[in-house]
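Subject: Structure for handover, with notes

Dear colleague,

I am passing on the structure we discussed, together with some notes on what I found in it. Please look through the model first and then read on.

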Amino acid sequence: MGLDRQLRPATQSDVAREVGVSRTLVSFAFRDAPGVSGETKQAIFDAAKRLGYRPNAAAADLARKHRSAVGLYLMDIYNEVYADILSGVRMALPQARNRLILSVSQSIDGVDRGAVESLIEARVGIIIAATLLDPDERVRELARIIPIVNVARPVPGVDSVYSDDDAGARAATEHLLGLGHTRIAHLAGPDYDGHTVRRRSYEKAMRGAGLVPWTAPADDFTQAAGQRAAAGLLDAADRPTAIFAHNDQFAMAVREAAYARGLAVPGDLSLVGYDNSRTGRLHGIDLTSVDLHAMELGSVAGAVAMNRLNNPEAPVADERLTPELVIRNSTAPAK
């Protein structure tokens, strides 16, 4: 083996010389194209293994004029729900045939077009986006450039996979109402197009019970922003006896703010989150939370993406999952 081979990755030409066949035949073997006998194919694969050759998937896509890679955009890697979505997506993709390229937002408010554009520049065939905060029309514009599977909310005209936030937020609010709470606040997320369903459902349930909604929006989706909003609620003269948080991350912020003020959960404050994260399920936290089935969201989104890659003219997908309220020890009857 020459020094130049030691300093560079093996190529198809190296494999062809090792076996004594043409480079085209090696290419056919790795693409599983017809015209290569089983014996020759095995000899090519054995030689590739000896030489450490790895097929270049991007180059193969270019040769086939077909993009097989799947891009996955995640809004926030620190929020456990996105790790579960990633796990679900990975389960849905046949790893031997499809590459998964990950891009994570670097923006604290989650609006990071550069992270999405990096996937387009990577020449992926489709993007699974969890969660785009852009207005619906902007998402549709993006989908005209590259196929999009939008995860978290429905966008008309775009493949969408989402949990029924209206049903989930209603169940959370009605649970607290059923426990006799009347001063129920909602720690909401920032006001982005298509992402206010939980807030609106909470407010509707409160009005339906003859009560005045008490909504406190955070200024971004970080836990620090959640703590700032929680402080405003808990320092009020007539503080709430129960808080429904937009997600488990905000619920943890409320919990920390409550304990810093000497308030016990649920003795002094009932608390409901949204996501049913692993942290919320830990013993000692026992957070009542709405399970939006994040891993299933990811696996369904992966299946929709594969169908779109294989059937570009397929009807637009609209996959709505039903959330479930999981009651634990962070809520108790009002005193």
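Ser160 is placed in strand β5, which covers residues 159-163. Please bear in mind throughout that this is a predicted model, and that what follows was computed from it.

To begin with the overall form, the protein has 14 helices and twelve strands. Its radius of gyration is 25 Å, well over the 20 Å that the globule rule gives for 335 residues, so the protein is more spread out than a compact globule. The C-alpha trace spans about 85 × 40 × 30 Å along the principal axes. Of the 335 residues, 50% are buried, and among contacts with a separation of 6 or more, 67% are between residues 24 or more positions apart.

To return to Ser160, this residue is buried, because its relative accessible area is 1% and the cut-off for burial is under 20%. A polar atom of the Ser160 side chain lies 2.8 Å from the backbone oxygen of Val158. Once the neighbours within four places in sequence are left aside, Ser160 is in contact with Asn150, Arg153, Pro154 and Val155, and also with Ala317, Asp318 and Glu319.

Strand β5 leads on to the second largest pocket, since β5 is one of the elements, along with α6 (80-92), α9 (165-178) and α10, that each supply at least two residues of its lining. This pocket holds about 500 Å³ of space, and of the 29 residues that line it, Thr131, Ala152, Asp165, His195 and Arg198 are the closest to its centre. Helix α6 gives the most to this lining, with three residues. By residue type, the lining of the second largest pocket divides into twelve nonpolar, eight polar and nine charged.

Asp84 lies in that same helix, α6. With a relative accessibility of 13%, Asp84 counts as buried, and, apart from its neighbours within four places in sequence, it is in contact with Arg278, Ala294 and Met295.

As for enclosed space, the count comes to one cavity of 30 Å³ or more, and the largest cavity holds about 40 Å³. The largest cavity is lined by His186, Ala188, Gly189, Pro190, His195, Thr196, Arg198, Arg199 and His246, with β6 (184-188) and α10 (197-208) being the elements that give two or more residues to this lining. These lining residues divide into two nonpolar, five polar and two charged. You may wish to note, when you set the two linings side by side, that His195 and Arg198 appear in the lining of the largest cavity and also among the residues closest to the centre of the second largest pocket.

Finally, which residues does Ile44 touch, leaving aside its neighbours within four places in sequence? They are Val15, Val19, Val21, Leu25, Val26, Ala29 and Phe30. Ile44 itself lies in helix α4, residues 38-51, and is buried, with a relative accessible area of 0%. One of its contacts, Ala29, is 15 residues away from Ile44 in sequence, while the C-alpha atoms of the two are 7.5 Å apart in space.

With best regards

Definitions and conventions
Residues are numbered from 1 along each chain as its sequence is written. This is a predicted model: local features need pLDDT of at least 70, side-chain atom pairs count only at pLDDT 80 or more; totals for chains, interfaces and linings use all residues. Side-chain values use heavy atoms; hydrogens and water are left out. Helices (H or I, at least four residues) and strands (E, at least two) are DSSP runs, numbered from the N terminus. Buried means under 20% relative accessible area, exposed over 50%, partly exposed in between (1.4 Å probe, protein chains only). A polar contact is a pair of N or O atoms within 3.5 Å; within protein, one must be able to donate a hydrogen and the other to accept it, and residues adjacent in sequence count only if both atoms are side-chain atoms. Contact means heavy atoms within 4.5 Å. On a 1 Å grid over the protein atoms alone, a cavity is a set of points where a 1.4 Å probe fits but cannot get out, and a pocket is an open set with protein on both sides within 12 Å along at least five of seven lines; lining residues have an atom within 4 Å of a point. Grid points are joined across faces, edges and corners, and a volume is the space filled by probe spheres set on the points. Ala, Val, Leu, Ile, Met, Phe, Trp, Tyr, Cys and Pro count as nonpolar, Asp, Glu, Lys and Arg as charged, and the others, Gly among them, as polar. The radius of gyration is taken over C-alpha atoms; the globule rule is 2.2 Å times the number of residues to the power 0.38.
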